[in-house]
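Visitor: I would like a close look at one part of this model, taken slowly and with its surroundings. Could you pick a starting point and lead me outward from there?

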Amino acid sequence: MFEARLGQATILKKILDAIKDLLNEGTFDCSDSGIQLQAMDNSHVSLVSLTLRSDGFDKFRCDRNLSMGMNLGSMAKILKCANNEDNVTMKAQDNADTVTIMFESANQEKVSDYEMKLMNLDQEHLGIPETDYSCVVRMPAMEFARICRDLAQFSESVVICCTKEGVKFSASGDVGTANIKLAQTGSVDKEEEAVIIDMQEPVTLTFACRYLNAFTKATPLSTQVQLSMCADVPLVVEYAIKDLGHIRYYLAPKIEDNET
Amino acid sequence: MSLRQALDDCLIDFDRRVLVTDLLEEYKLTYKEVHELLEAHIKQQEDASANNKYEKRFLVYGNQTDGGELYTIVQGEDKLKEWIAKLQNSQSQLYSVEIAGGSKSAAPIFKPMQQVEVQLAKLEKRAGATTPKGVSNGIHKPSETTKPTNVKTETSEPSSSKVDAPTEQPKKTSPSEQKGKAAVAKKGSIGSFFSAAPAAKAKETKAAVAAKPASSSSMDNFFKKQPTSSGGNQAKPTPTNNMKKDEPSASKSSNNNTSIQLFDEASSDEEEKLDKLRRKVVGSGDESDETANALPTSSSKRRRIVDSDDDEQPQKKSAEPQEEKLEGDVEMEADTNETFLDDDGFVITVRAKKAMQPSKKKASPTAGATAAAKAAAAAATTKKKSPPAASKSAKETPKIKQGSITSFFAKK
């Protein structure tokens, strides 16, 4: 028996919105520690890793480990039926082929439940090694989303160059070139507006704008985004989900083609 | 009119094979009536003169020995008897009658009545009154209705006209017919709209241009008229141009058309005015005529076409080299400007420029060298012109490729 209850449906809505553009389907692996989802996008360029800790739920019960393959589009449709303040409960029997999602209004006057068919997805799980990243940049999630959106107009690729002075996002295309520099903020009143760079050594990497823009769909989940970079290693874009867990996106860098 | 009356009045031409089915259809009679009337008529005719011999064909139907049904047409009563003997449950009916010997060849196959009627209707439209009466019987060879005869009758007219340019044939047939064609095409495709619009425009401009020389009779206007009107004409035969996709030939034919049409369209009054002007331009007409005659040309008409092309030089540079190539050595001889009237009263100007252009074409070594240098310089400039962004991006795209996440993380 699996049962997980969240106080606000809006969080689950935001999570689904953050991943449904990249993934059509995903397997939620439920265990007593919480819910995890890991999946690559269709082109195998990026990887999504979602972790929702069990202690972040209002109620969490998982008698046996359970993998629930879901069509994320369908789930997003169901979640749209919930009000933001509704309590949401996910239920599934052991070895069940359906999951029940129940929405309860705050005053318990309205209860709606939806049953969704589960899928048997044969998805590969990748082992993500522990990595010491050369540069870790924390910056406002909104700012990062804005930068990605703006630079996508210039080129398909964005070069992220991290030095001790700051982080520079560059794009060059037929229109021209665009450079956006963010310096580390000295002291800010609001923590969520801070740009904090933790740099071991300078890194310059090139990434596809398209994926970065897909990652920024998670912006509503968090005020801050963390970019972790290291030479010849995928970029990690992490959005923390307050009191619940995090969503991490891994993006393979564009690499020099030695064949040409 | 009854069949009997028609037979008596010799309205049915037995020189061609007369099908009983035709008569059935024509006179709305039963087979028995037609058969009896025909037999009676044939007997009467054969009795009247020993020379009159009729050849009959019979439709024979019966079962073959292997069980299959058979329909066949046999010639003469002897063969009919043979076939009747061959077939089981055989039946026979008179199929056709014609005068024996000297008659036109028979229809190759049995044709159903309606089909024949359709063909006849088409035939009568095309051939008009000249269609032989025998055809109305529906017995005719397909070769008798060939189109070339039709075309010949049309094309024979232009050959008798004064200006017998080689390109006249398409032009002659085009204006009315092709307008009609264009109207038909308009319904079908959007392309016809695009082709029709410039033609209409050209007409307008041509009308405007044609009005000018009438009001002012200065020489300048006359000389201006040639290129402008030819420009208008150039647009006019768009239907023909559309039909000919081949560019060089199309442009060539349009060139020819321009010169012809210029003189075709001028009314007799206008021509007189123009003639006066020409004489003024040329000075003494006799001398120029002599020079015109002295020139070793294959045809004055051809020269005229070339000349009109010359006037168009600034407008049509693409069409020009091909023309001149065709003209060849004849034009190379003329080195100086010469203006004269030819036999037909057309002003011909042979320019020295004409001689220069072939030399351009042939490219003397020095000219070739300079041209090559120019081309090289142009190529260099175009290379320089290519946007640096493009070259940059060209550098970028092959250099960088998107990596795969699986190459960084191992499978569990």
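Guide: Gladly! Let us begin at A:Ala76, which sits in helix α2 (residues 72–80) of chain A. Please keep in mind that this is a predicted model. Is A:Ala76 buried or exposed? Its relative accessibility is 7%, so A:Ala76 counts as buried, the cut-off for that label being under 20%. A contact across the sequence belongs to this residue too: A:Lys13 is 63 residues away along the chain, yet the C-alpha atoms of A:Ala76 and A:Lys13 are separated by 6.9 Å.

From the helix, let us move to the strands of chain A. A good place to stand is A:Val159, with partners in two strands. In β16(A), the residue opposite A:Val159 is A:Thr206. In β13(A), A:Val159 has A:Ser170 as its bridge partner.

What joins the strands around these pairs? Strand β12 (residues 157–162) of chain A and β16(A) run antiparallel and are joined by six bridges. β12(A) also runs antiparallel to β13(A), with four bridges between them, and a hairpin of three residues connects β12(A) to β13(A).

The next step leads from β13(A) to β14(A). These two strands are antiparallel as well, and seven bridges hold the pairing. One pair to look for is A:Ala171 with A:Ala178, its bridge partner in β14(A). Four residues lie between β13(A) and β14(A) in their hairpin, and A:Gly176 in that turn has a positive phi of about 155°.

How much of these strands is covered? In strand β16 (residues 203–208) of chain A, five of the six residues are buried, so the strand is mostly covered. Strand β13 (residues 166–172) of chain A is mostly covered too, with five buried residues out of seven.

Past β14(A) comes a charged piece of surface. The loop between β14 (177–183) and β15 (196–199) of chain A contains A:Glu191. With a relative accessible area of 67%, A:Glu191 is exposed. Together with A:Asp189, A:Glu192 and A:Glu193, A:Glu191 forms a negative surface patch.

Charges also meet in pairs: over all chains, the structure holds 13 salt bridges. In chain A, one of them joins A:Arg53 to A:Asp55, where the closest N and O atoms are 3.4 Å apart. A:Arg53 is partly exposed at 38% relative accessibility, whereas A:Asp55 is exposed at 60%.

Another salt bridge of chain A runs between A:Arg146 and A:Asp150, with 3.1 Å between the closest N and O atoms. Why are these two about one helical turn apart? Because A:Arg146 and A:Asp150 are four residues apart in helix α3 (residues 141–151) of chain A. A:Arg146 counts as partly exposed, at 45% relative accessibility.

For a salt bridge in another setting, let us cross to chain B. There the side chains of B:Arg17 and B:Glu98 meet at 2.9 Å, N to O. This pair links distant parts of the chain, with B:Arg17 in the loop between α1 and β1 of chain B and B:Glu98 in strand β4 of chain B, 81 residues apart. B:Arg17 and B:Glu98 are both buried. They also belong to a network of salt bridges that includes B:Glu55 and B:Arg57.

Another contact across chain B starts in the loop between α3 (31–48) and β2 (54–63), where B:Asn52 is found. B:Asn52 is partly exposed, with a relative accessible area of 27%. The C-alpha atoms of B:Asn52 and B:Ala100 are separated by 7.9 Å, although their positions lie 48 residues apart along the chain.

Let us finish with the backbone of chain B. Most residues other than glycine have a negative phi. B:Cys10, in the loop between α1 (3–8) and β1 (18–19) of chain B, has a positive phi near 55°. Its relative accessible area is 61%, so B:Cys10 is exposed. B:Asn89 also has a positive phi, about 50°, without being a glycine. B:Asn89 is found in strand β4 (residues 88–99) of chain B and counts as exposed at 60% relative accessibility.

Terms used
Residues are numbered from 1 along each chain as its sequence is written. Chains are lettered from A and ligands numbered from 1 in the order in which they are written. This is a predicted model: local features need pLDDT of at least 70, side-chain atom pairs count only at pLDDT 80 or more; totals for chains, interfaces and linings use all residues. Side-chain values use heavy atoms; hydrogens and water are left out. Patches are made of residues with over 30% relative accessible area and no salt bridge: like charges are joined within 9 Å, nonpolar side chains (Val, Leu, Ile, Met, Phe, Trp, Tyr) within 5 Å. Accessible areas come from the Shrake-Rupley method with a 1.4 Å probe; for residues, only the protein chains shown count as cover. A salt bridge is a side-chain nitrogen of Lys or Arg within 4 Å of a carboxyl oxygen of Asp or Glu. Lys and Arg count as positive and Asp and Glu as negative; His and the chain ends are not counted. The place of a charge is taken as NZ of Lys, CZ of Arg, CG of Asp or CD of Glu. Buried means under 20% relative accessible area, exposed over 50%, partly exposed in between (1.4 Å probe, protein chains only). Two strands pair if DSSP finds at least two bridges between them.
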